[in-house]
Amino acid sequence: MLHGKKVVVVLPAYRAEKTLERTVREIPLDVVDEIVLVDDASSDNTVELSSQLGLRTFTHETNLGYGANQKTCYLEALKLDADIIIMLHPDYQYDPRLVTAMSAMVASGIFDVVLGSRILGSTALRGGMPFYKYVANRILTLFQNLMLSAKLSEYHTGYRAFSRRVLETLPLLANSDDFVFDNQVLTQAIAFEFPIGEISCPTKYFPEASSINFRRSVVYGIGVLATSVLYRLWRWRLVKTRLFSERPTLRLGSRYYHQDERSGRSEAGHEVASNPSG
Ligand SMILES: Nc1nc2c(ncn2[C@@H]2O[C@H](COP(=O)(O)OP(=O)(O)O)[C@@H](O)[C@H]2O)c(=O)[nH]1
Ligand SMILES: [Mg+2]
């Protein structure tokens, strides 16, 4: 709890057995109420280890992708009545001790989204980010800032805190099940005018913390460019897109219908659902 708000950390996991315990040990339990792990059908022992560590563990029956994993994470966090939700990768790449600071920025009511930036404070290269990823990050960020009329230091960090409001409002079900999900969420947050804050976060690159190869990075990069261009066209009212839609059926766990209070009750001893012939 932080300022009376329930804090839930979600760990979207894929083959995380080697790094999970280290990550979980450093999560500040004085503010975090629950830790949720969603495993995307890993072939290793992520699920067993997660249960042993006492995490609330969910597992996909088949490998659905990183975006799909986050959809499950956020839905389960909302079901737990979370007020503040922090996504942390279980690959020990981002420092879990910043959960407190990021939660506090959301709890303040000033920000609905807080990013742990590897670019603020220039820790990316020092932490071992491959040079091509660094250059791509800077170029894509520059392009996105121009297209979105925003000023973030990066859009590609996997360390994020959200208010409940933002996860309930954005049409997350319109997003990709793949890596570009991350980028779509931030673009949606900007489209829906949620305030976004940033904090600098040291990062570590080592084999278990980074499995995305060059080809998948290129696919991601193309997705980022497409998302930004789509946003600009939508802003200019040249296209309509589900990505920025206000349709309630695209929201996670949204309650867009309810049972009529007077229906389904038996009155004066009459069974409403009784068999009319008998
Ligand atoms: N759900 C899911 N997550 C994946 C998959 N492949 C990678 N990930 C996760 O995506 C996140 C980012 O991938 P990672 O290889 O660490 O990328 P990098 O750190 O940006 O180089 C990590 O938390 C991975 O566990 C997958 O097929 N499904
Ligand atoms: Mg990683």
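Which residues are the closest to ligand 1, and how many surround it? The legends below address this and other views of a predicted model. Residues are numbered from 1 along each chain as its sequence is written, while chains are lettered from A and ligands numbered from 1 in the order in which they are written. In this predicted model, local features need pLDDT of at least 70 and side-chain atom pairs count only at pLDDT 80 or more, whereas totals for chains, interfaces and linings use all residues.

**Figure 1. The surroundings of ligand 1.** Ligand 1 is surrounded by 16 residues, of which Y14, D40, N69, S210 and S211 are the closest (near: C-beta atom, placed from the backbone, within 6 Å). This shell comprises 6 nonpolar, 8 polar and 2 charged residues (nonpolar: Ala, Val, Leu, Ile, Met, Phe, Trp, Tyr, Cys and Pro; charged: Asp, Glu, Lys and Arg; polar: the others, Gly among them).

**Figure 2. The open sheet and its edges.** The order of the 7 strands in this sheet is β3-β2-β1-β4-β6-β5-β7, with mixed pairing. Strands are DSSP runs of E with at least two residues and helices are runs of H or I with at least four, numbered from the N terminus; two strands pair if DSSP finds at least two bridges between them. Because β3 (56-59) and β7 (196-200) stand at the edges with a single partner strand each, one side of each lacks a neighbour in the sheet. On average, neighbouring strands are turned by 20° against each other, direction ignored (axes are lines fitted to C-alpha atoms, for helices over the stretch in contact; angles run from 0 to 180 degrees between N-to-C directions).

**Figure 3. Pairing of β5 with β7, and the packing of α3.** β5 (residues 113-117) is joined to β7 by 5 bridges in the parallel sense. G116 has I199 of β7 as its bridge partner. Helix α3 (residues 66-79) packs on the sheet, where it touches β1 (7-13), β2 (34-39), β3 and β4 (84-87). The direction of α3 makes about 155° with that of β1.

**Figure 4. The setting of L53.** L53 lies in the loop between α2 (46-52) and β3. Because L53 has 15 C-beta neighbours inside 10 Å, it counts as partly exposed (buried: 20 or more other C-beta atoms within 10 Å; exposed: 12 or fewer; partly exposed: in between; C-beta atoms placed from the backbone). Apart from neighbours within four places in sequence, L53 is in contact with E21 and V24 (contact: C-beta atoms, placed from the backbone, within 7 Å).

Note on methods:
Two residues are in contact if their C-beta atoms, placed from the backbone, lie within 7 Å.
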